[in-house]
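I wanted three things from this model: the state of the cysteines, the enclosed spaces and the domain layout. My notes follow.

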Amino acid sequence: MNFKKLFELAKASGLEAIEITSSTAKSTSVELYHGEIESQQIEEDTTTQVRGILNGKFGVISTPKLETAHFKSIINDIKENAAVIEKPEKAIIFKGSPKYRKRTFYNQRLVDTPIGEKIAKLYEIEKQLKDLDPRITEIMSVAYAESSFVTGINNSYGLKLSAKGAYYYYSAYIMVKENDEVKTGGEIFLSDDLEKFDITDLVRKTAEDALSKLGGTQCESKKYPILLNPDSFAALLGAFIASTSSEEVQRNSSALKDMLNQEVASKIVTIEERPLVNNFNYRYFDDEGVATYNKRIVDKGILKTFLYNLETAAKEGRETTGNGYGKGGKVGIGYQNLYVKPGKKTKDQIITTIKEGILINELQGLHAGLDERSGDFSLQTNGFLIKDGKIDRPLSLITVAGNLFQLMKDIRVLSKDNKLLLNGMELPYALIKNLAVSGK
Amino acid sequence: MNKKDYLDILNAGLATGADFAELYFEDSKGKGISLINGKIETATTNETYGVGVRLLRGVKSVYGYASNLSKTNLLTLISSLAAAFNDTRAATVEELTLRKNSCQITKKVPFAKINEKVALLKAASEAAKNESPLIVRVDASINENNKVFTIYNSNGEIIKDERTYIRAFVIAMASKDGKLEQGYAGPGSLKGLSFLEEKDFVNLAKEAARLAVLNLDAKECPSGVMPVVIGNAFGGLLFHEACGHPLEASSVSKGHSVFTGKLGERIASEVVSAVDDATIADEWGSYNVDDTGMAGERTQLIENGILTNYLIDDLNGRRMNQKANGSTRRQNFKYEPTSRMSNTYIDKGHSSVSEVIGATKLGLYAKSLGGGSVNPATGDFNFSCSEAYIIRDGKIAELVKGATLVGNGAKILLDIDMVANDLELSQGMCGAASGSIPVCVGQPTLRVKQMTVGGRGGELK
């Protein structure tokens, strides 16, 4: 799109500079229910955010209406909004990094493959699930979704960047029943390469997830060694990394604020942000147009850096780390592709070393049960009791409680096997010294 | 575009066997302003503009949306959706007529003046800050959203509606000896800025600060199985999550809910009656018409423990052979609408609050809940408490923190043994398949005979 007119109007209206960030996604999704396509969606999603600077302050509007006739209203809203801003920081629109590591991982074949071929696999997934186990009483949903997107940034200093990506996923959710007990389970497979999808593997994991929950009981309330699976580790790690945000540090609301170059996790823990690796989350510029780079946030337990955007970096007179991400009018701190360095033992080998402990597969209620600032958490979980080096029985309706920052220091072992999650994190299993579990 | 254009588009959607076609045009505008520690931090405008296209054929649906509203683009979109059905035309729409909204719960309210919002936020922030020297940070914000939509459907109807939401937030954080705790308030309404003055937002901010400070010295909550008294207003979140969601036709119709096939049966103890009411004037979860254009209703869900109705959307109603009851909702044009709650609450009972507390020898008083989640198929839920006390010998004793309530929705309904008469509603956002929508939760103070409580404070003694 040509924004020349908008830039001109902004200048004529007294704005120092403006910036337009936009993303357009085209998505298709199909859901199968009882052998028939139950729903199908076709989406063209456009979001555009325009920020302008008036007297050193940002005014922001997000709108899909980018017709010339609407430009005046856009500029008016930017001016009205900027006029009330009081925060002392000077608004910055970025002129550009010296070098960008632009590569294209966009998989055109994914988009070109006819939808019929993609849908055919849904019938096969449903059939295999049906035939697998008589305890599978209902296939709640089998779905396919794909999305291709373009993200771009344009500003009145002439910076113009754009990136293209695509991904798809297959998912299956089932209900299983034994005696009077009902449990649900599911699995998602996500990639940008259709050839990587293995129907049998998705079916097996879906069934395992649901069936393994049957017969769950509570366990005795006490402290147990805890083995977190990658999904539950991710939930906690997300909260930990949120504390490395320079925004939280500068506001004195991060528990890690005085911990730079100090031990914040066990020696075996190395955490990297890898925006430039080849996956669907690859990003070579952040939402402020700054070039991104791969970095170690925690190196062998030592906190190496906080994450900065332009504003928080300017406050400390340093360079941004290319972590300016945000939606809805505010560029805050974010990251792409968090990676925890795996260990040497497989998950199964780790289990054999545990005399009595709990394998946690799922942590629920994180938005409420975890206080990111103090790190205290009390969360409902499902999992398995481990006894004498073996999985003994499923557990349900138990809660685990502890403190996130202590937990990071109490990581004893990380597994060799890791998993790439929907949010771009790639994590191993983590064995924690112990956590308080309340059951019966 | 004119009426003929809309007819052309709808009829293109019906060409391959769909029996119903709907265009949902939205042109909404929101304004948000936020403050941190007394200084205005952000002010933003947010416009939502586009069309959602829905085709139904029996119990199948296809949905698409776009922000490019040219006739050509909409014809292309609706035809690619129609390609999902490969039959011959089953319906045609000849004419479109504007329908008058059948009830007038909400009125258009203009956006508040930006300076008035700034003044109110500053007053609230200052009141919270002045509550205690231990308050280290106060965040406050006001968000308004003027939602405007027009529906054209193959029943020949044009339905227009407009409503303006306003919601304010305050979060106060207190710190001592390296510990941080917070208190929160978030009132909302369809009434405009005057609502926040009536609700005394400044005082709510003070209360939030007071709670944050109190929580600094709170002990860790003990764990175990115990009687739990759940407070009124936001305590209703538990009913919303654990019982409200499983009463939505989206899970009932496919047998994915614990309440499927239970109409007319006892699902709760006799002291429990529950209602979903979209017709309360100016209330946060109310509406004139739902997002398919059907008038909002008051639906009795449970009467004296007996299941009397579900929340039914048009599509799932077809599968259940029951009529929709004005509860088909969506966040905006990007979401296919489905059955959702409006203002959903447990109705008031006959006990007084002091009777409920007084009848409890040793247990937990969960005065306010923080948040939680539920699996609609099994009814298993978990909730955290934002303000909780231990009850000793029928009296409210020490404040505790980190309490989690764990249980099963179907079971807990049968375990409610006392319901007080202090019904109050509380505003929130509810996220589900059709997006994030404004709803009220609510209940009077009530008691659950026994429940699993999680916490780090050891055994309750």
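**Cysteines.** I looked up Cys430(B) and found it buried, at 3% relative accessibility. Buried means under 20% relative accessible area, exposed over 50%, and partly exposed in between, with a 1.4 Å probe and protein chains only. The model is predicted, so local features need pLDDT of at least 70 and side-chain atom pairs count only at pLDDT 80 or more, while totals for chains, interfaces and linings use all residues. Side-chain values use heavy atoms, with hydrogens and water left out; residues are numbered from 1 along each chain as its sequence is written, and chains are lettered from A and ligands numbered from 1 in the order in which they are written.

Which cysteine sulfur is closest to that of Cys430(B)? I found Cys440(B), at 12 Å, too far for a bond. I then checked Cys219(A), which is buried at 1% relative accessibility. Its closest cysteine sulfur is in Cys221(B), 18 Å away, also too far for a bond. Over all chains I count zero disulfides. A disulfide here is a pair of cysteine sulfur atoms within 2.5 Å.

**Cavities.** I searched the whole structure and got five cavities of 30 Å³ or more. A cavity is a set of points on a 1 Å grid over the protein atoms alone where a 1.4 Å probe fits but cannot get out; lining residues have an atom within 4 Å of a point. The volume is the space filled by probe spheres set on the points, which are joined across faces, edges and corners.

The largest holds about 240 Å³. Its lining has 22 residues, and Arg51(A), Phe58(A), Lys87(A), Glu311(A) and Val331(A) are the closest to its centre. By class I noted eight nonpolar, four polar and ten charged residues.

The second largest holds about 70 Å³. Its lining reads ten nonpolar, one polar and no charged. Among the lining residues are Leu238(B), Phe239(B), Cys243(B) and Gln443(B). Which helix gives the most? I found H6(B), with three residues.

**Domains.** For chain B, I read domain 1 as 114-147 + 161-217 and domain 2 as 224-454. These bounds come from an automatic or database domain assignment. The C-alpha centres of the two domains of chain B lie 25 Å apart. Their contact (heavy atoms within 4.5 Å) takes 17 residues from domain 1 of chain B and 20 residues from domain 2 of chain B.

Terms used
1 Å grid on protein atoms, 1.4 Å probe; cavity = no way out; pocket = protein on both sides within 12 Å on 5 of 7 lines; lining within 4 Å. Nonpolar A, V, L, I, M, F, W, Y, C, P; charged D, E, K, R; others polar. Helix = DSSP H or I, 4+ residues; strand = E, 2+ residues; numbered from the N terminus.
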